[in-house]
Amino acid sequence: MVNFFQINSLEELVLKAKEDKLVNEKLIEQFKPFIASVIQKRIGKYLEYGVDDELSIGLIAFNEAIHNYDYKKGKFLSFARL
């Protein structure tokens, strides 16, 4: 189990999430509002989890961002937003 008090940054948490499925799931759950915000801004309308497929696709994309993130190339949220 990850001790979240020993993690100093989101980027470190993302690196842990690559290795630990539970951390991955918690990270995705924590960032659902971020995911919705990014997609809603791109689409230009309000979306709701459990109703709109775009959000399901966003969750998948966020998970892929976690697993493809390279900390040497910048901040995670900037990468995930793309």
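In this predicted model, helix 2 spans residues 21-30, and its buried residues are Val 23, Asn 24, Leu 27 and Ile 28. Looking down the axis of helix 2, these buried residues fall within an arc of 135 degrees, so they line one face of the helix. What do they pack against? The buried residues of helix 2 sit against helix 1 (10-19), helix 3 and helix 4. Flip to the face turned away from that buried side, and the exposed residues Lys 21, Glu 29 and Gln 30 turn up. As for the N-terminal end of helix 2, Asp 20 caps it. The cap rests on a side-chain oxygen of Asp 20 that lies 2.9 Å from the backbone nitrogen of Leu 22.

Next comes the empty space. Rolling a probe the size of a water molecule over the atoms shows where such space is left. The largest pocket has a volume of about 230 Å³. It is lined by 15 residues, and the closest to its centre are Val 38, Ile 39, Gly 58, Ala 61 and Ala 80. Which elements give two or more residues to this lining? They are helix 3 (32-43), helix 4 (53-68) and helix 5 (76-81). Helix 4 chips in with the largest share, six residues. Sorted by chemical character, the lining of the largest pocket divides into 11 nonpolar residues, one polar and three charged.

Helix 3 and helix 4 thus show up in both parts of the picture: the buried residues of helix 2 pack against them, and they also give residues to the lining of the largest pocket.

Key. Residues numbered from 1 in each chain as written. Predicted model: local features only at pLDDT ≥ 70, side-chain atom pairs only at ≥ 80, totals over all residues. Heavy atoms only, no water. 1 Å grid on protein atoms, 1.4 Å probe; cavity = no way out; pocket = protein on both sides within 12 Å on 5 of 7 lines; lining within 4 Å. Points joined across faces, edges and corners; volume = space filled by probe spheres on them. Helix = DSSP H or I, 4+ residues; strand = E, 2+ residues; numbered from the N terminus. Nonpolar A, V, L, I, M, F, W, Y, C, P; charged D, E, K, R; others polar. Buried < 20%, exposed > 50% of the residue type's maximum accessible area, 1.4 Å probe, protein only. Arc of directions from axis to C-beta. Contact = heavy atoms within 4.5 Å. Polar contact = N/O pair within 3.5 Å; in protein donor to acceptor, adjacent residues only side chain to side chain.
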